[in-house]
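Biologist: Can you walk me through this one? I'll keep the questions short.
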Amino acid sequence: MSYSHNTMGSGSRTTRTFEFGRTHVVRPKGKHQATVVWLHGLGDNGSTWSQLLESLPLPNIKWICPTAPTRPVALLGGFPYTAWFDVGELSADGPDDWEGLDASAAHIANLLSTEPSDVKVGIGGFSMGAAMALYSATAFALGRYGNGNPYSINLRAIVGLSGWLPGSRCLRNKIEVSHEAARRAASLPVMLGHGTCDDVVPYKHGEISAHSLSVAGFRNLTFKHYEGIGHYTIPKEMNEVCNWLTARLGLEGSR
């Protein structure tokens with residue numbers, strides 16, 4: 001199954017081409033039951049997270065850690081950074097880079113499209129990577145990308161740590177008009193985690209994202225907050241991610 005990276009569908013506008021960086025893969029140490037694409041934050045790369053994920057007690061998961069394209073980022077003065085999409089401000093009213101979001105979502109879907117049919121697939125991420133994971137969750141629920149192209153991956157779990165939900169303003173209206181979208185949204189387990197002292201992606205964005213997903217019909221939603229924690233993960237949070245993934249994906253014990 002192949003996925004086009006043409007993010008403008010059949011329109012006549014010129015598409016930007018995005019050059020994704022290196023993908024790092026952590027093979028399962030036990031029986032391969034699930035594959036999770038894990039997405040790094042702004043300015044980072046797939047290697048950093050692959051090293052942490054390899055240390056987790058989840059022997060039945062294959063981790064795929066891609067690296068985002070290097071592109072100008074408006075929030076950082078237009079200087080080039082690895083970024084899944086452009087972002088100007090963290091605000092529910094800020095403009096969303098739909099073209100960048102769709103291109104990255106299609107790249108992630110393409111990475112998952114060749115996994116065996118008996119393997120459950122999911123997406124997780126930190127910061128901007130979490131935003132990308134949540135955007136993929138909405139594309140799954142709606143059955144299409146923002147540009148209208150079909151989204152064909154059957155996601156089984158979404159993890160978003162210290163992130164936010166792009167397009168939160170209009171999500172509920174889009175899902176409510178489709179019985180099938182509402183069904184998919186209700187069926188998809190989502191875990192959000194956020195530190196209460198995050199000075200990069202403020203905690204309120206985690207709260208708003210959880211609320212927006214909930215009212216849009218994502219009923220299988222877990223939101224964890226971590227008192228006094230900033231823009232980073234802690235062992236307690238990663239332990240809870242491990243337990244949550246094990247339960248939601250029906251993984252065998254961590255022996």
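Modeller: One term up front: a polar contact is a pair of N or O atoms within 3.5 Å; within protein, one must be able to donate a hydrogen and the other to accept it, and residues adjacent in sequence count only if both atoms are side-chain atoms. This is a predicted model, where local features need pLDDT of at least 70, side-chain atom pairs count only at pLDDT 80 or more, and totals for chains, interfaces and linings use all residues. Residues are numbered from 1 along each chain as its sequence is written, and side-chain values use heavy atoms, with hydrogens and water left out.

Biologist: Which side chains make a polar contact with the side chain of Glu115?
Modeller: Thr35, at 2.5 Å, and Lys62, at 2.9 Å.

Biologist: Where does Glu115 lie?
Modeller: In the loop between α2 (98-112) and β6 (120-126). Helices (H or I, at least four residues) and strands (E, at least two) are DSSP runs, numbered from the N terminus.

Biologist: Is Glu115 buried or exposed?
Modeller: Buried, with a relative accessible area of 13%. Buried means under 20%, exposed over 50%, partly exposed in between (1.4 Å probe, protein chains only).

Biologist: New topic. How many residues of α3 are buried?
Modeller: 15 of its 15. Just after α3, Gly143 takes a positive phi of about 80 degrees.

Biologist: And where does pLDDT stay under 50?
Modeller: Over residues 1-14. pLDDT is the predictor's confidence in each residue, from 0 to 100. Where it is low, the predicted coordinates should not be read in detail. The chain averages 90, and 91% of the residues score at least 70.

How values were computed: Contact means heavy atoms within 4.5 Å.
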